[in-house]
Every structure is written in structure tokens, then in C-alpha cells.
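Let's take a friendly walk through a protein structure, with an eye for contacts, interfaces and charged pairs. Please have the sequence and coordinates to hand.

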Amino acid sequence: MKSPAFSYYQAKDLADAINIKKSDDDAVILAGGQSLLPTLNMRLSSPSVLIDIGSINELKKIKVEDSYLIMGAMCSHSQIMNNKEVNEKFPILNKLLAQVAHPAIRNKGTHGGSIAYGDPAAELPAFAVLVNAEIILSGPDGERTVSAKEFYKGLFETAINSDEILTSVKYPINQNGMKLFFDEVTRRHGDYAMAGLVGSIKQNNKINEEINLVFFGTGDRPNEAPKTCEYLLKNEYNYSDIKDTLKNDIDFASDISSSSDMKAHLSAILVGRMMKELN
Amino acid sequence: MDDLNQNPKLGAADRPNSYIGRSVPRERAKKLLEGKGKYVDDILLPRMAHLSYVRSPFAHAKIKSINTENAKKYPGVLNVFTIDDIEKVCSPWQGVLGHLGEMRSPTQYPLAKDIVRWQGEPVAVVVANKRAVAEDASELVEIDYEDLDAQLDMETAMDKSTRVIHDDLGNNLFWTRTVNQGDVGEAFKQSHIVEEVTLDFARHTGVTLETRAIVADWDSSEEKMTVYHNGQAPHMMQSIIAKHLNLSEGLVRIISCDVGGSFGIKVHVYPDEMVTVAVSKLMKRPVKFVADRLESYSTDIHSRCHKILGKIGVNDKGKILAFEIDDLSGIGPFSVYPRTSAIETNQVLNLSAASYIIPNYKAKGTVVFQNKTPMCQYRAVGHPIAVAITEALVDKAANALGMDRYEFRKINLIPDNSYPTKTPSGVPLEDLSHEACIEKLEKMMNISQLEKYKKESLAKGKYKGFSIINMVEVTNPSPAFYGVGGAPISSQDGASIRLEGSGAVHISTSITEQGQGTEAVMQQIAADQLGVKIDTVRVTHGDTDATPYGGGTWASRGAGIGGEAVLKASRKLKENILNIAAVIMQSEVNNLDVQNDQVIRKDGGEGISLKDLAQIVYYRGHELPPGTNAELIATASFSIEGIPFVFTNSAMGCLVDVDVDTGLTKIEKFWAVEDCGTQINPKLVEEQIRGGVVQGIGGALYEECIYDEMGNLTNGNMADYLVPMAYEMPDIIVDHVTTNSGRSILGAKGAGEAGTGGAPGAIMNAINDALIPLNTEVTSQPITPEKVLKALGKI
């Protein structure tokens with residue numbers, strides 16, 4: 001398990017990184033390396049050059065600007081968990097990140113890396129979709145913004161063009177009175193979830209006005225479940241109905257940890273937990 | 001030689017240097033924690049080349065051609081070898097032994113010859129200046145395969161339509177054995193209650209922190225082969241390498257440095273390791289092979305893989321009348337050399353029901369070939385299967401009779417005052433303490449409190465269950481284990497101990513250190529017996545040029561056998577020391593003793609330090625009267641005689657919570673009472689038990705080598721092959737009963753197998769106890785959430 005030979009380039013700044021990326025289709029951005037380096041060592045990919053963006057300081061900032069909480073791509077999970085602003089604005093992120101692998105991995109793994117990699121079993125992409133995050137991509141022609149809902153195209157497929165770098169993720173602070181929920185079912189703490197849910201509910205006088213559900217570990221990308229949300233606005237939670245509706249919403253894909261049936265079951269259980277917690 | 005007056009009671013806490021029985025901190029732990037351990041991969045030799053193996057991507061295929069030309073041309077590559085080259089210097093082997101009836105396993109070549117029989121089998125080896133280069137070039141070795149049907153499922157192995165893996169054998173049977181004591185048929189007829197169950201155990205593997213690694217260094221000038229190897233049995237490897245490479249055995253040196261865990265994984269002969277030695281011989285230079293994690297998963301021996309049917313018959317008073325098992329196991333395409341792949345099943349037959357008085361016992365074991373990774377002995381060989389089937393049936397019988405599970409066990413356990421006796425399968429037992437252990441366990445667990453907790457939880461919709469199990473554990477084997485069958489595996493171990501001119505004491509032992517504290521234990525025994533401070537004692541191990549001959553470390557034999565050799569050698573050395581001191585000090589020997597590195601006079605008066613004594617002997621020998629026997633070195637050996645194994649026993653229990661929504665099992669608490677005889681270092685014993693329990697939890701809940709329908713291992717990485725991790729581990733509470741082994745002065749038995757052997761049964765029974773109100777059960781390990789939910793009919 002030694003990776004094939006590759007070049008290493010430490011980018012001085014963002015423009016420098018974009019230049020190199022533009023000039024070489026086989027170049028790959030190295031952020032925290034927690035997913036990339038194992039795939040190299042297992043010879044699942046063989047990039048020509050790794051562009052290390054780890055010394056670009058502007059990518060390591062957490063800012064509040066124009067009612068957005070903005071996470072630089074190179075913020076580590078640990079840094080975010082320890083940030084006062086984040087814990088005030090999105091306390092749920094701390095709970096969620098605590099389930100991302102283990103401390104050593106959270107110290108190296110980055111926010112931008114997780115969002116950009118788009119692992120369907122990862123927590124952060126689902127969270128970004130749920131709260132309508134905006135994903136900022138920088139390329140040779142400047143910056144563009146893609147809504148998280150439009151960002152994930154398929155299994156490990158995203159809207160990032162080959163000459164672009166994900167530089168930050170903007171989270172709208174005002175969630176319109178939405179209450180947020182996160183839970184997942186794993187075999188062991190820190191494992192990829194057999195099924196996970198981030199959800200939100202907006203209530204008026206204890207009446208549910210809006211419900212959003214985004215599942216992870218269930219399909220080829222973060223899975224929204226519009227029919228189930230609609231059902232829940234009209235009906236009380238009922239395990240069997242929810243499981244059936246979820247199967248209409250999501251093409252549950254089995255993986256090594258669980259069958260598609262198991263994933264549908266656990267998703268329905270998670271919805272039940274959410275309705276109990278947020279109602 | 002043994003003057004008992006000179007040898008105080010073991011573990012007498014009131015005298016100086018009484019290290020036996022004390023949790024002395026081990027100095028090697030500091031070395032390892034500082035990252036200063038020396039492992040095989042740390043070995044760097046001049047001109048050393050690196051190997052990468054080209055492995056079969058198929059479970060079963062014919063090799064039509066191998067083209068190594070492009071790989072050979074790759075910059076940095078030194079050579080590429082196939083079986084045609086290797087078989088010129090390394091002969092093939094056969095994993096059969098003579099003492100357990102007919103074993104049918106064909107010749108196995110160090111690299112695949114004509115046919116590959118498991119995904120991961122080595123086919124060619126690339127030698128290069130760097131491992132990464134060797135891996136690059138491995139991708140350029142072109143092998144043309146013709147796919148053959150793979151025989152994967154052990155249950156269909158003997159079907160007529162199933163592909164026979166070895167044509168010459170006619171079918172896929174490796175080995176079978178039956179045991180028949182009494183008349184089970186008649187006894188079942190007379191039984192008030194008969195209960196049956198079938199249990200499944202998945203394949204899993206050892207997952208050592210340090211993967212297998214070997215450096216071979218052939219010196220053609222001396223005709224000497226030096227091999228750095230992270231194994232458990234250096235002298236066995238010496239003999240095997242000499243035999244198959246046609247070398248003079250005395251000129252093969254095996255050095256085992258620090259070993260990062262072994263669990264039985266590293267006590268077998270692996271094709272890639274033999275090829276590494278052969279390549280060194282062919283290239284006349286040192287070569288290194290370190291298995292990567294992927295290779296570990298697909299080529300380290302796997303274990304378990306059993307389907308076992310069990311049946312118990314009980315009279316209306318709760319006495320067990322009959323017990324029957326029928327076990328099927330799949331072992332991959334070859335029986336592993338030299339220990340064979342029959343031992344696990346043999347142990348299942350020997351150990352099932354072994355804690356109980358059962359007049360009628362019948363057992364059948366069948367071992368078949370498969371196109372999967374070879375399977376062989378791993379920690380607690382056979383125990384988890386034997387314990388789980390026995391204890392599942394015992395619980396079922398007790399529940400069917402409406403008897404308390406603890407009381408049911410108490411009336412059926414072999415009483416503590418009945419030894420020597422035999423297991424229901426006929427294996428001799430002595431010095432065990434089932435009753436004392438289970439009584440202690442019952443108090444520790446507070447069973448009535450647990451019953452209350454279970455009831456209260458159920459009222460809140462929480463499903464809790466607990467278990468109590470009993471087991472015996474095979475440790476300290478005699479020659480009956482392997483040597484009698486023809487394997488070059490010593491059942492004897494040796495120790496040499498010397499007093500040096502500085503006053504330091506140096507032991508060399510044939511027992512090896514795998515991180516479990518061998519060194520510390522040997523230091524304690526020597527310091528205790530000699531009467532020196534423990535930091536006076538150094539230990540050498542793991543080097544066939546520097547240590548006495550012996551078996552090494554496996555089957556929990558290090559402390560009981562190797563420790564006894566150290567004890568005996570220490571007593572001889574002490575006798576020599578006192579005899580010399582008597583001359584120097586003009587005293588009766590009986591008036592002298594050694595304490596705190598000093599020879600003292602028991603009646604007071606001036607003594608002499610061991611350093612001064614040694615310096616008189618070494619530097620100023622002329623001061624001693626002519627003819628004084630001034631040897632400050634002593635050697636002793638020990639092996640178990642008169643009994644096949646020194647059995648130990650334990651009782652365990654656990655409390656679980658089963659989440660009926662997610663199927664997740666949480667182990668809330670685990671208890672173990674172990675009787676391993678004399679505990680040399682109680683902390684090390686307890687950590688052996690805890691570590692073993694954790695590995696047993698792995699087998700029960702997490703670990704499984706998952707194959708697809710083509711015979712590819714699909715989860716050979718640490719993300720998908722789940723090992724137990726700290727976050728999920730419960731408190732494991734350990735206590736002891738001490739019944740010394742009568743086979744040695746030290747009285748120590750082994751302690752390494754119990755946890756791994758007992759935990760899977762304890763966990764399964766606790767889960768099934770929790771599921772009783774839901775009228776279902778689980779019978780397949782690992783007990784995954786999905787299996788629990790299926791049992792509950794939820795998916």
C-alpha cells in the first residue's frame with residue numbers, strides 16, 4: 001500500500017492553486033487528506049500532482065458576514081467544534097461533528113474537504129443541503145455560488161468544475177424559526193452511518209408548518225424526502241406509512257454495513273425520533 | 001537440588017524481593033510508549049531490496065501464462081520471480097499431522113503453481129529498490145487466467161455438483177472426527193426435556209496492530225540465513241526454513257524483535273514469508289516483505305467459520321443426561337502448515353460441555369475445503385464455538401424447565417472436589433474450580449439485583465438481558481498438541497540465567513514477547529527466586545542464536561512453561577551462589593540467604609553483595625579454594641508431562657441492552673472470574689482477560705470477513721471490517737480464584753484465551769435473555785443489528 005508516484009505542490013495563495021489546477025487536469029487538491037491519502041495508498045487513484053492548499057490562511061477562517069456563517073474550506077472539524085460563533089449560531093453542528101470519525105481525523109479533516117468530496121454517507125453534505133448552504137467555488141474566471149441543493153449530482157459527483165476549488169461554505173444564520181434535528185445509527189461510534197438524518201421543523205402554535213428531511217448513508221447523495229415531509233404535515237407519525245413513503249422518496253442503496261431494507265427501516269425510526277424530539 | 005527451606009513460599013508478601021504475585025510495572029511498556037520499540041520494519045540493512053507480491057484476483061482459476069518482461073524492465077526493479085524460480089530453492093509442504101486420524105491436504109507450493117485457489121494467493125514476486133517501485137511493477141506483471149468455478153460455501157462443499165478443489169482427493173473433505181461416550185440416543189429418549197439449536201459463526205481474523213513482516217538476509221560466505229521475523233515460535237521457523245530451503249538448521253538464525261500483537265496469526269507458515277527467504281537466497285542479498293493492511297486481511301489466516309448443531313437432554317430434576325454436537329467448518333483450499341487446520345474443530349469436539357458432568361456425549365466434526373483464505377488457529381482456538389453451543393443449550397434447558405440458570409449450572413458443574421476427572425469427551429482435567437468461580441461471579445454480578453433491573457427496564461420498554469457462563473481453557477500444552485503428530489514444535493522451553501561481574505542478572509528465555517509482558521514476568525520470577533531487586537534483571541528473548549531452544553509463545557504457555565524454566569534455573573543459580581558464598585563467608589549454607597542483591601547471614605552479621613561475590617569469582621578466582629564449583633550460570637528446561645494440557649477455567653457474565661428499534665446491542669457491563677493458578681503479575685493477568693474479552697466482543701458483535709459470490713473479500717480494510725473500539729467497550733470487572741497447577745512448582749496456568757473464548761457465548765446468551773419477552777432469539781455471530789431486527793421480524 002504505497003501510492004504511485006505523484007508531485008507535490010504547496011500553493012502560496014488561492015490564485016496560485018487555481019493556476020496549477022487549471023494547467024493540469026490530473027491535479028488534485030489536497031486539503032486534510034483524510035479521504036484522499038488512503039485512496040492513493042490503496043492505488044484507487046493516481047493524480048499527477050497534489051496541490052496542497054493547507055498554507056493558504058484565508059481558507060482557514062470562520063466569519064459571520066451579512067447574516068451568513070462562513071466556513072473557510074480549510075477549517076478543520078475540531079476548529080469548528082471549538083468555535084464560539086458556530087456553537088451559538090448552529091449548536092447542532094457540534095453534535096453532528098462529534099460523530100464524524102475520531103478526534104485525530106477531526107483534527108486533520110476539513111470542512112471544505114468533506115463538502116467537496118460528497119461522500120453520500122457523510123454528515124456535512126446532508127447538513128449543507130438541509131440548511132440551504134451556499135457553496136463558493138473559485139476558478140480562473142473568478143467566484144461563483146452554487147446552492148447545496150444543486151451541488152450534489154451523484155455518487156461522489158459534484159458541481160465543481162475541474163479548474164475550480166471549493167473555497168468556503170456559507171450557512172444562512174436565519175433559519176426562519178426552524179428547529180433542527182440530527183441523529184444517525186452507526187455500528188460503532190465514528191463509523192459511517194447505516195442511516196442518518198438531519199431535519200428541520202417550523203411550527204406555528206404547535207402546528208407543523210414546514211418539515212424538511214435530508215438523509216445520509218441511504219443513497220448516492222444526500223437524499224431529500226419531499227413526499228414524506230408532505231405526509232408528516234398532514235398526518236401523525238406512523239412507522240409503516242413513513243417507511244413506505246420514504247421508499248417512494250429514496251432509492252435506498254445497500255452497502256457493506258446494511259441492506260436497503262435496513263436503511264429504510266432505520267430512516268423511518270429516525271423520522272420517529274425527530275418528530276418526538278421536535279414536537 | 002531443591003532445598004525447600006531455601007525456597008520461600010511463592011508470593012510471600014512479607015519478605016524482600018517477593019515479586020511473584022505483585023503488579024510490578026513493566027519497564028518495556030515505557031520503551032513501547034516512547035516509540036522506541038524495534039519492529040521488523042525498523043530493520044534496515046545494506047543492499048536490502050523490497051518485495052511486492054502479485055496476488056490472485058480470482059478465488060479459483062487456471063494460470064495460463066505469466067509474462068514478467070515489462071515488470072522486469074521497470075526502472076528500479078531488480079528481478080521478478082514465479083514458482084519456476086522459487087521451487088528451485090524452496091520445496092513445497094503439506095499441512096497434515098499424524099496424530100489425529102487421516103488428514104487430506106495436498107502439497108502446497110510457496111507460489112501458486114498452475115492454479116490459484118484463493119483471492120490473495122501469491123503468484124509472482126517483484127523485487128525492487130523500493131516497495132513503491134515494486135508495487136508499480138506488480139501492476140505490469142501480465143497473468144492470463146482462466147476462471148474456474150469457486151467452491152465457497154462450506155455447506156455445499158460435499159454436494160456432488162460442487163467443484164472439487166483438489167482433483168486428486170476426489171471430494172472437498174479435509175478431516176473428520178467423531179467422539180462417542182455413553183449412549184446419547186438412549187439418554188435422549190429418557191430425557192424429560194430435549195432442546196436443540198444451530199449456531200453460525202462467521203470467518204474473522206486477528207488484525208494485529210503490526211502486520212506480518214520478514215527480512216531475510218542470506219550470507220553466502222557463511223552459508224548462513226538470518227531472518228528477522230515477527231513470529232511467535234522462532235525455533236519452529238528455524239527448523240522449517242532449514243528444511244524447505246535445504247539449509248543447515250544450525251546456520252539459520254531467527255530474530256524476533258518487538259512484535260506488535262500476534263494472537264496466533266503469526267505462528268503459521270505463510271507462502272509469502274517462505275518466498276521472501278527464498279528470494280534472499282536467490283539474490284544473495286537482504287530482502288524485506290511487510291504485509292500491508294489489505295494483504296493482512298486477505299492472507300493472514302482466518303478463523304472460526306463454523307456451523308454447529310447442538311442438542312441437550314435433561315431429566316426433570318435438571319440433571320443433564322446427554323449432549324450432542326455436529327460441527328461443520330470451512331478452512332480455505334489448504335490445511336495450514338505445520339499446525340494443520342484441524343485443531344479448531346478438534347478443540348470444539350474436546351471442549352464442548354467440558355465444564356459439566358455429562359454421562360453421554362457425542363460429537364462429530366467435519367472440515368471442508370473452500371476457495372477462500374486459508375483458516376487456522378487464532379486466539380482461543382475452538383473455544384468460542386464450544387462455549388457458545390454449550391451455554392446456549394444450558395440456558396435453553398434451564399429456561400424450558402423453568403429453573404434459574406445459575407442454579408441449573410450449579411447442579412451440573414463438575415464439583416471442585418472431584419479432580420482429577422475427564423471432560424465428557426474424555427480429556428483429562430485437574431485442578432479446576434468451576435463452583436468457586438461461579439459462586440464468586442454470582443456475588444460480583446448480584447444476580448437478584450440484575451433480575452430486578454431487567455424487570456424495571458422492561459416496564460419502560462427497554463430490553464435488558466444478562467448471562468452467566470462457564471468454560472474451560474486449554475493452556476500449557478504438552479507434546480500431545482503438535483510434536484506427537486510430527487510437527488517441529490517444541491513443547492519444552494528453556495531458560496538460562498547468569499550473574500554477571502557487575503552483579504546484574506541476565507536471563508535468556510525461549511519464550512517470546514508480543515507486547516503482553518513476557519519480559520516483566522520472567523524478571524519477576526527470577527528476581528523473586530534469586531532475592532534480587534527487579535531492576536537488576538535483564539532479559540534476552542527472540543533470537544535462536546542467543547536463547548535456549550523452545551516452543552515460543554502460543555496457547556498461553558509462556559508463563560506456565562517458560563516461567564517454570566526460569567524458576568528452576570533461578571533456584572539452581574541461587575544454590576550455586578550460596579555454595580560459593582558459604583566458602584567465602586566461612587558459613588554453613590543453611591545459614592545464608594540472598595536478599596536485595598546481598599548474600600545475608602540469617603543470624604545477622606556481615607554479608608556480601610552479589611557484585612562482590614561475582615567479582616571474586618570472575619576476577620580473583622585464585623582467592624577461592626581449589627576445586628570450588630564457581631559457576632554463576634545455570635540452565636533449566638521444563639515441559640508438561642502426564643497430561644495433554646493444563647486446563648484453566650473461568651466463569652463470565654454480561655449485561656446487555658438491546659435496542660429493538662435499531663437492533664444495536666450495548667454491553668453495559670462484563671464480569672469475569674478466572675482461575676489461572678498462580679498469578680505472577682495480577683495486572684498483566686487482568687489485562688489478558690480484558691483484552692481477550694474485547695477480542696471476544698469483536699467476534700460476537702462486529703468482526704466478519706465478508707466475501708461476495710465470486711469469492712472476493714469485500715471488506716479488507718479498517719473502515720469496513722469492524723473491530724471493537726474503546727468507545728463501545730464496557731467496564732470489564734475481573735476477579736480470581738487461585739487453584740495452582742500441580743504440574744509445576746510455580747503453579748501457573750495460562751490466562752490468554754479465556755476472554756476471547758467466553759465472551760461470544762456470554763454475549764449471545766445475554767442478548768437472547770433480553771429477547772425472551774419478544775419470543776425470538778439470535779443464533780448467528782457476529783450478532784449485527786440487521787440480524788437482531790430480522791429475528792424481531794422488523795425487516
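What follows goes from domains to chains, and then to single residues and salt bridges.

## Domains of chain B

Please keep in mind that this is a predicted model. The domain assignment splits chain B into three parts: domain 1 (4–37 + 492–638), domain 2 (41–148 + 209–299) and domain 3 (302–479 + 642–791). Between domain 1 of chain B and domain 2 of chain B, the C-alpha centres are 40 Å apart.

Where these two domains touch, 21 residues of domain 1 of chain B are in contact with 21 residues of domain 2 of chain B. Together, domain 1 of chain B and domain 2 of chain B bury about 1,500 Å², and carbon and sulfur atoms give 42% of that area. The polar side of this boundary comprises 11 residue pairs in polar contact, both residues at pLDDT 80 or more. On the side of domain 1 of chain B that touches domain 2 of chain B, helix α1 (residues 27–33) of chain B gives the most, with 3 residues. That side of domain 1 of chain B divides into 4 nonpolar, 12 polar and 5 charged residues. There are also 4 salt bridges between domain 1 of chain B and domain 2 of chain B. If you would like a pair to look at, the side chains of B:R28 and B:D258 form a salt bridge at 2.7 Å, N to O.

## Where chain B meets chain A

How many residues does each chain bring to the contact? Chain B brings 32 residues and chain A brings 26 residues. The area buried between chain B and chain A is about 2,300 Å², with 60% of it on carbon and sulfur atoms.

The interface of chain B and chain A has 4 salt bridges, and A:R43 pairs with B:E135 in a salt bridge of 3.3 Å, N to O. Polar contacts across the interface of chain B and chain A come to 12 residue pairs, both residues at pLDDT 80 or more. On the side of chain B that touches chain A, the elements giving two or more residues are α4 (131–138), α8 (293–299), α17 (682–702) and α19 (785–791) of chain B. Of the elements on that side of chain B, α4(B) gives the most, with 4 residues. The residues of the side of chain B that touches chain A divide into 15 nonpolar, 5 polar and 12 charged.

## Two buried residues in chain B

B:L624 sits in the loop between α16 (610–619) and β25 (633–638) of chain B. Is B:L624 buried or exposed? B:L624 has a relative accessible area of 9%, so it is buried. Beyond its neighbours within four places in sequence, B:L624 is in contact with B:I580, B:I584, B:I616, B:V617 and B:A630. B:L624 and B:V583 are 41 residues apart in sequence, with their C-alpha atoms 7.5 Å apart in space.

B:D493 is in strand β19 (residues 493–499) of chain B. With a relative accessible area of 0%, B:D493 is buried. The side chain of B:D493 makes a polar contact of 2.4 Å with the side chain of B:S510. A polar atom of the B:D493 side chain also lies 3.1 Å from the backbone nitrogen of B:G551.

## Salt bridges

Over all chains, the structure holds 58 salt bridges. Side chains of opposite charge can pair when their charged atoms come close. In chain A, A:R221 and A:D220 form a salt bridge with their side chains (3.0 Å, N to O). A:R221 is partly exposed at 28% relative accessibility, and A:D220 is partly exposed with a relative accessible area of 32%.

In chain B, the side chains of B:D300 and B:R212 meet in a salt bridge at 2.8 Å, N to O. B:D300 lies in the loop between α8 and β13 (302–314) of chain B and B:R212 in the loop between β8 (193–205) and β9 (213–219) of chain B, so this pair ties together parts 88 residues apart in sequence. B:D300 is buried, with a relative accessible area of 2%, and B:R212 is buried at 1%.

In helix α17 of chain B, B:E686 and B:R690 are 4 residues apart, about one turn of the helix. The closest N and O atoms of their salt bridge are 3.8 Å apart. B:R690 counts as partly exposed at 24% relative accessibility. Elsewhere, salt bridges that share partners join a set of residues into one network, including A:R43, B:E135, B:R212 and B:D300.

Definitions and conventions:
Residues are numbered from 1 along each chain as its sequence is written. Chains are lettered from A and ligands numbered from 1 in the order in which they are written. This is a predicted model: local features need pLDDT of at least 70, side-chain atom pairs count only at pLDDT 80 or more; totals for chains, interfaces and linings use all residues. Side-chain values use heavy atoms; hydrogens and water are left out. Domain bounds come from an automatic or database domain assignment. Contact means heavy atoms within 4.5 Å. Buried area is the accessible area (1.4 Å probe) that two parts lose on being put together, summed over both. A polar contact is a pair of N or O atoms within 3.5 Å; within protein, one must be able to donate a hydrogen and the other to accept it, and residues adjacent in sequence count only if both atoms are side-chain atoms. Ala, Val, Leu, Ile, Met, Phe, Trp, Tyr, Cys and Pro count as nonpolar, Asp, Glu, Lys and Arg as charged, and the others, Gly among them, as polar. Buried means under 20% relative accessible area, exposed over 50%, partly exposed in between (1.4 Å probe, protein chains only).
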